[in-house]
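Here are some short questions on one protein chain. Look at the sequence and the model, then follow the answers.

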Amino acid sequence: MNFKKNILCIGAGYVGGPTMTMIACKCPSYKVTVVDINKARIDAWNSDTIPIYEPGLDEVVRQARGKNLFFSTDVDQGIRDADIIFVSVNTPTKTFGQGAGRAADLQYWEKTARQILANSDHSKIIVEKSTLPVRTAEAMEKILNSNPKGIQFEVLSNPEFLAEGSAVQDLETPDRVLIGSRETPSGLAARQALVDIYAHWVPSEKIIESNVWSAELSKLTANAFLAQRISSINSISALCEKTEADVGEVAYAIGMDSRIGPKFLKASVGFGGSCFQKDILNLVYICQSYGLSEVAEYWESVVKINQWQQKRFVQGILAGLFNTVAGKRIALLGFAFKADTGDTRESPAISIALGLLEEHAHVIVSDPKALANARQDLQSVSEQDMVFEADPYKAAEGAHAIAILTEWKQYKDLDYARILKSMQEPAFIFDGRNILNHKKLFEMGFNVFAIGKAPLKHF
């Protein structure tokens, strides 16, 4: 089949794989290839068990794979064939040198730019899909366009705004698609080429065009604002516990204000995932580099509140269990950073598990989709101190306390009367996501501690 254009995505992770799958399904006249140097990951994309758990994604992959959607480890050939290249490589926080702990580590991004240059023999459009510091496109342009071949590269910014657990829906009916480019004739032409792809299924009023710097900064800002709302309500949850106000009622009341709205106002053990903390710290570093210390401190406080909330949750378990958890069995229900994903990157469950282990608790981790990643995250922990158990009923057997750390729907529907009978007395539930019926559990016999609410105790 003769395809209209060849699209390549370098990086087959949480962004690249689902995004390219949707483009392939909606644009059958385009050939879409996803490449990655991780052979095991590519093999999984080509198998019946794709490497990412995302509701509905496997069905969409099957619709297009082998028709106009292909997964390969041949990065160089993919570059040679491509007209449009999406770059979705990892941009973790630096762990070394200047900006360590805050700045984005761009070494993989630059290596990819040089690999694109080395394997290109005609002009191409390069699309930033990874979340990057503002002005990164300029660095890539300098690398690519300083070539002696006379090849012209246009670098666009097309940040992703996916939420794990609803990525397929977010891709099919996005709130917006943002495309930034240089405001030059060639830049605008490249932008239009990308607009034409998304226009196959996204209404024109939801495709936003901007300059490339605005697009780059918009992604960091969006994540910072969302995380800020979570930290804001979590800070109020601590005050609610001291004053016997109910954070759920407070959140509902302020969320009814049309200027505020109800989203991201659910108090919890805190935010996690690959983006929020990384992007905020990147924003902090950028602000510091421009001498905007007050702005940097403001955004850094969002991360500090998040970390404090996780420590506060561990302290609450410790205080509730008579100021010691040494030798006690604590069952953690949920390890993924949110429901409907197996992703555990920056999950609050990691720091909470480690905090309990520091107090010599015996921790049992249960999760329907994230146990493999949990084992990896806690690989340094002795097997004598840590048990991984998929069945929540088995995880709770003999436990002194249960902590709900992920808002999996099935945790709402568990037979808690059965669980209570299998636990040590007095039995405790610490609801870190406020998803359970606390009054019912208390009447059943549990001592219930929830985020931002007065505890319900039998003593």
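Q: Which elements do the buried residues of α6 pack against?
A: This is a predicted model: local features need pLDDT of at least 70, side-chain atom pairs count only at pLDDT 80 or more, and totals for chains, interfaces and linings use all residues. Residues are numbered from 1 along each chain as its sequence is written, and side-chain values use heavy atoms, with hydrogens and water left out. Helices (H or I, at least four residues) and strands (E, at least two) are DSSP runs, numbered from the N terminus. With contact meaning heavy atoms within 4.5 Å, the buried residues of α6 pack against α5, β5, β6 (153–157) and α9 (212–243).

Q: Why do the buried residues of α6 lie on the same side?
A: Buried means under 20% relative accessible area, exposed over 50%, partly exposed in between (1.4 Å probe, protein chains only). In α6 (residues 136–145), Thr136, Ala137, Met140, Glu141, Ile143 and Leu144 are buried. They share one side of α6 because the arc they cover around the axis, taken from the directions to the C-beta atoms, is only 165°.

Q: Which residue in β5 is the bridge partner of Phe86?
A: Strands pair if DSSP finds at least two bridges between them. β4 and β5 (residues 124–128) pair in the parallel sense over four bridges. In β5, the partner of Phe86 is Val127.

Q: Which residues of β4 are buried on the side opposite Ile84 and Phe86?
A: β4 spans residues 84–87, and both its faces are covered. Ile84 and Phe86 are buried on one side. Buried on the other are Ile85 and Val87.
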